[in-house]
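User: I'd like to go through this model with you and learn what stands behind the labels. Could you set each value against its cut-off as we go?

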Amino acid sequence: MDKLQPGTHLSIDPSSKYMVIGCFEQCFTVQALKPRTELGLQHINGEELQFIESEKIILCKGAILKLEFLHPPAESDNDVILLLILTVNGKIKMLIYSWRAGDPLSTIKSRNSRGKKGYALMEMPLLLIPLRFQSAFVLVNKNSMVAYKGILEGAPECIPIGTSPRKPLDLYQGSDVPLWTAWAKPTRLPHYIAEYDDIYLAREDGWICLLQVNHDREDLDLAITDVGNMQCNIGKAFACADYSLDPDVHRHGDVLVSGGDASIGGTYLTRAQPNVKKDTQNWSPAMDLVVIRKNSKPNSDINTRIQSFVPSPDSIFVCSGKGALSSITELRSGIEAILGLDLEFHSAVTKAWVLNSETYSGSAGGDDWVLLSLEDRSAILQISLDRTNAEELDPNHIPLDLMSRTIAISFCGNRAIQVTERSIVVLDSGNCTILNDLDVMGYPQAPPISASFINDAIICNGKVLFTTHYEERRLLRVLDTAIDNSTSPPTILYYPKTVIEWTHDDGEVTCIAMHLHPQDHQELIITGKRKDGEIFLMFIRRGEFHLRVPTTYEGCSYDLRALASILVISSSTPDSFTLLCGTLTGLVICLEISQVGQDFHIHRSCCVRFGGSVAILTQAEHSSYLFVNCDEKIFKINLSTLSSDGNSPRKQTTRMTIRADQIWLVDALNTTLQQPNINSILPLESESIADTDLLLISYNRLLLARMGMKQKTVPRRIPIRGTPYRIIHSEIRNAFVVGASIDGRSTLYFVDPETGEDLSDPRVKKNGPQTSFVAGLGRFDEKILCIYEWLYCHGTSIWNFIVVCTSGGRVVIVSTNSDDAPGTHSGRAKISFWQTTQFKNFTSVYSVVGDSEGLYYCAQSGNEVKLYYSTLNRAERKFNENVAEAKLLSPAISLSYDAGKIYALTRHHSLQILEVIKTDGTVHLRHTHTDQLQHESLHHMIGRPNPLGGSDSSQIDLISDRSKSVIGLWASSGLKVDTLDTIFEAQLPASVVRFRSANCRPVWDASWKVHKVGDFIEDPTRLHGLGAIFNDEMNSETLGLGIDGSLYHFTTLDVRAWQFLKYVANLAGNSGLVGGRPLDKSADLEPNQSPANMQVDGDILKRVLEDHKLEEMFGIGHRQTDENRRQFKRFCMLLESMHGGKLETNHGPNVYIEQAYDDLGVFLRPVI
């Protein structure tokens, strides 16, 4: 039965009482379903739900094409009618089966006309659509549509449906007419469906039609109407739902949803006049994975990084789609902010604030004002309520100081306080008070025209804390308020007072903050101070207290330079609080401060880098969200403290951490949007609970965006031409090299990774005229199977070539140049390229790789497959072909070269290793290792030493196959016959088509830390110590691209780490606490060291970590069983073993639980 693939066809009858499951040929099964009332009783009684009441297998001859239930005639509602379309000996027939609802399935009988042969059809139908009337149905064929009725009475009546041929849309990839692929019925009211039946029909190129059937007594009136086109290909994934546009006025529409086919999908809204409304991004099958490397080897080692090192993570790109919807998609992780308003101002803006109408006029309902701080003044923009228009207002009619640059502004109800370089303005329900005399500045003896300015200011609880300067003097002042009750009505008086005074020789105050004590409501003033190269925090209440800011965190040293901004985060205890400090060098320091008497101490601390320039911290007034603006990028951060009962076996268990996510701006109308350089961020009060509005400043642009709450993948899509098959990144040209098919012809072109511009300038020859295809490419029905960037070395000179292998049997070697090429819109020069030479005496060439002297390529001639080696003869300016060759069992779809060895991944025979022997000008290729098992291979990656081999330094190679497996192979040595032995085999949801390595962790990850001078640090992330083995000397991450577009992260573990993580994963999966169904309690949870059992499911561990399931798994804090105690004891033993016996023993259970969460966090921290 399994060989017949049951489930190929599935249908439910209109009464939901019966279900039919069909194989692709020979038989189908009819099942009677139990009613909902009986299922409810089973659930109430705690029984396992039994849905099937009875079933019957029915045999048939031929392949089953379609299987659907028909609607019964109006006069016999209890009839159940099943229509079967199959093909027998090249003939297509329709068969009918029927029975009475409630009767035993043994009464099912055939009601076929012409004996048992059934009704013949002339062509294979694409779609079978049951109608609501007269047991009628519609067959949609390649070039026609026909309705059938009366099939129960014998030969059915055929009613042709008139359709006019429509031209294929741009998304169509075939050479014939597009085919209809799916149908869906919309929701309609009962009085409507009594006479009408509506069906949406979808064509593979995205075209949508509406078929309307009118049942007028005995006749069927059918009409078809064009709806529009979806901007995606449409496969079987197509559905329709009802959508209420406005419940108050009962306006409804149909929502059409398509999953797409090798393209983006869509959600489309149709109304009375159907048309396409909106499309949405969706998955598409992936073709290739490429990494833009931004780090050299010295930057990958914490001990060789310079002190001023600023991380630059590698970028990950996926090539996917086909035809007009092909794209190169950058995979970015973070928080999405959808761009709305985008206004351009006539001069540069440094900051912006929003003033509502209640603040400036005292009445609600008016337009919003946006106060802009410019380089030398301020300005007001009036934005309409719909936020589509903006107008700069006349400064003479604005009750604010617009002649100076605004430093800070604060709102409290109808009251606003503005601080500029020369004044403090209080705006209260339209009434304005301006304080700008020298007495407010703190220099009453200064001349009237003096260079006395406010340098910095913050506003806290209605009080203004600001710094001023005059000549060499510096003051820190606070503006307080008092109420004068002697007047009617009472008035508010403002009086400033000096907090401290200093000169340049006393150091420099670089930032200020204020904290209100939660109990006695006394203000605590905090300043950042720099003197003689040291950084201090100065706490001012009744006196001054200086606290030196540390420069070393967790063994790593940092150059702070100076503090640029301070945020105060209140704590649950009155005598402690948290300081977030941004530095001039892109660092954010988190300090937990505790107060004892008049002294202040640092209890816990951490430091995270976000870039190399000044880090500005911002806190939302209406929420607890924290933001960092650094290197013209924006990040959302939150604080967390990993703590236990105080008896932690490791000090790091109680450390503070800063969790961060980068915010990515996206534009629904521009998927290639480059991230604008953001120099200011203002969180706004939002009516939405699930989103937050942000006002962003990018030089002279004001951007309004709606930020989501959850971290997710935020792709950036770069549309490209044709259907791509291969893509690489050329480091020499800093461009993507894409091998694609355009209009069925193979071609090569270059794409700018930043702008997405086409940089291609193909030439007939060097300095020759332009052409559409370089020589050797442009052939019909030919695919590019491999692209390789080859660096040829001769003496001290290095030449760069692009090598292309095609399915037509050619190796095309292409030269590039960008010196004399024309420019693009962005000003970048195009890349001219031309063919240098080619090899073309093969049936097909599958892959290529090179060393410094020549090229290795796998080619097929007739039925013979060989690996060839050809060298470049510089003197004769041509290749010496077939310098060496070796036979292969099947085509090598992937070739890698490393340290004199060729790794040939064959299509049908897994991995083969060949040694390159060069002696006295001759080259030999000698087979050294072959996999003992055969795999339908997809890709290969050279691995690192075998963790199971003890002191053996042999490496593990990773291969993927078409069975959704990733296999680890270990090359044996010193045996009579060296082989590749399987160390592990992991099963994945989808086959991996590409492996890649990348240093792509985010900038704040511990892997980018800088070492402490004089010390040697081997393990900044603790992964090495916990048993992780990296893929290369640069400690890169191993990534795998699934054929469905999913990205996998692989970590190789030593035995101790594998035992612990496997045990936790087994226990979590068996418990059912992280999803799925609990397994048998007698299941063996102990890790079994066999190749098929070496995989650890990281997704299970991630759910354990995020949902904090360890306590529940072991019954801690609940009624703990003997089995829980035994499992927890084993858990502790494996945890201690993973730490190499360095953990202190005999601690309470919470200590081990917290340690395990800490370790899981190290393994499962974000990769991109």
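Analyst: Happy to! Let's begin with a cut-off: a residue is buried under 20% relative accessible area, exposed over 50%, and partly exposed in between. Arg561 has a relative accessible area of 46%, so the label for Arg561 is partly exposed. Please keep in mind that this is a predicted model.

User: What makes Arg561 and Asp559 a salt bridge?

Analyst: The closest N and O atoms of Arg561 and Asp559 are 3.4 Å apart, and the rule asks for a side-chain nitrogen of Lys or Arg within 4 Å of a carboxyl oxygen of Asp or Glu. The pair therefore meets the rule. Asp559 is partly exposed, at 34%. Elsewhere, Glu864, Lys866, Glu885 and Lys887 are joined into one network by salt bridges that share partners.

User: Why is the pair of Glu392 and Arg377 called a salt bridge?

Analyst: The N to O distance is 3.8 Å, and the limit is 4 Å, so this pair counts. Glu392 sits in strand β27 (residues 390-392) and Arg377 in the loop between β25 (368-374) and β26 (378-383), so the salt bridge ties together parts 15 residues apart in sequence. Both side chains belong to partly exposed residues, Glu392 with 32% and Arg377 with 27%.

User: How many salt bridges are there by this rule?

Analyst: The count comes to 44. Another one of them joins Asp79 and Arg100, with the closest N and O atoms 2.9 Å apart. That pair links Asp79 in strand β5 (residues 79-88) with Arg100 in strand β6 (residues 91-100), 21 residues apart.

User: Are Asp79 and Arg100 buried or partly exposed?

Analyst: Asp79 has 18% relative accessibility, and because buried means under 20%, Asp79 counts as buried. Arg100, at 38%, falls between the two cut-offs and is therefore partly exposed.

User: How do you know that Cys27 is not in a disulfide?

Analyst: The closest cysteine sulfur to that of Cys27 is in Cys23, 3.7 Å away. A disulfide needs the two sulfur atoms within 2.5 Å, so this pair is too far for a bond. Cys581 fails the test as well: its closest cysteine sulfur, in Cys511, is 6.7 Å away. The count for the model is zero disulfides. Both cysteines are buried, Cys27 with a relative accessible area of 4% and Cys581 with 1%.

User: What makes Leu49, Phe51 and Ile52 a nonpolar patch?

Analyst: Patch members need over 30% relative accessible area and no salt bridge, and nonpolar side chains are joined within 5 Å. Ile52, in strand β4 (residues 52-70), has 35% relative accessibility, so Ile52 is over that area cut-off. Together the three residues offer about 250 Å² of accessible area on the surface.

User: Why does the span of helix α11 agree with what is expected?

Analyst: Helix α11 (residues 1149-1164) has 16 residues, and at 1.5 Å a residue they should span 22 Å; the end C-alpha atoms are 22 Å apart, so the two values agree. Its buried residues include Val1151, Tyr1152 and Phe1163.

User: Why is Ala990 called buried?

Analyst: Its relative accessible area is 5%, which is under the 20% cut-off, so Ala990 is buried. Ala990 is found in the loop between β74 (979-987) and β75 (992-998). Among the residues Ala990 touches are Lys964, Ile1043 and Tyr1048.

Definitions and conventions:
Residues numbered from 1 in each chain as written. Predicted model: local features only at pLDDT ≥ 70, side-chain atom pairs only at ≥ 80, totals over all residues. Heavy atoms only, no water. Buried < 20%, exposed > 50% of the residue type's maximum accessible area, 1.4 Å probe, protein only. Patch = residues over 30% accessible without salt bridge, like charges linked within 9 Å, V, L, I, M, F, W, Y side chains within 5 Å. Areas by Shrake-Rupley, 256 points an atom, 1.4 Å probe, with all protein chains shown as cover. Helix = DSSP H or I, 4+ residues; strand = E, 2+ residues; numbered from the N terminus. Expected span 1.5 Å × (residues − 1). Contact = heavy atoms within 4.5 Å. Lists of a residue's contacts leave out its neighbours within four places in sequence.
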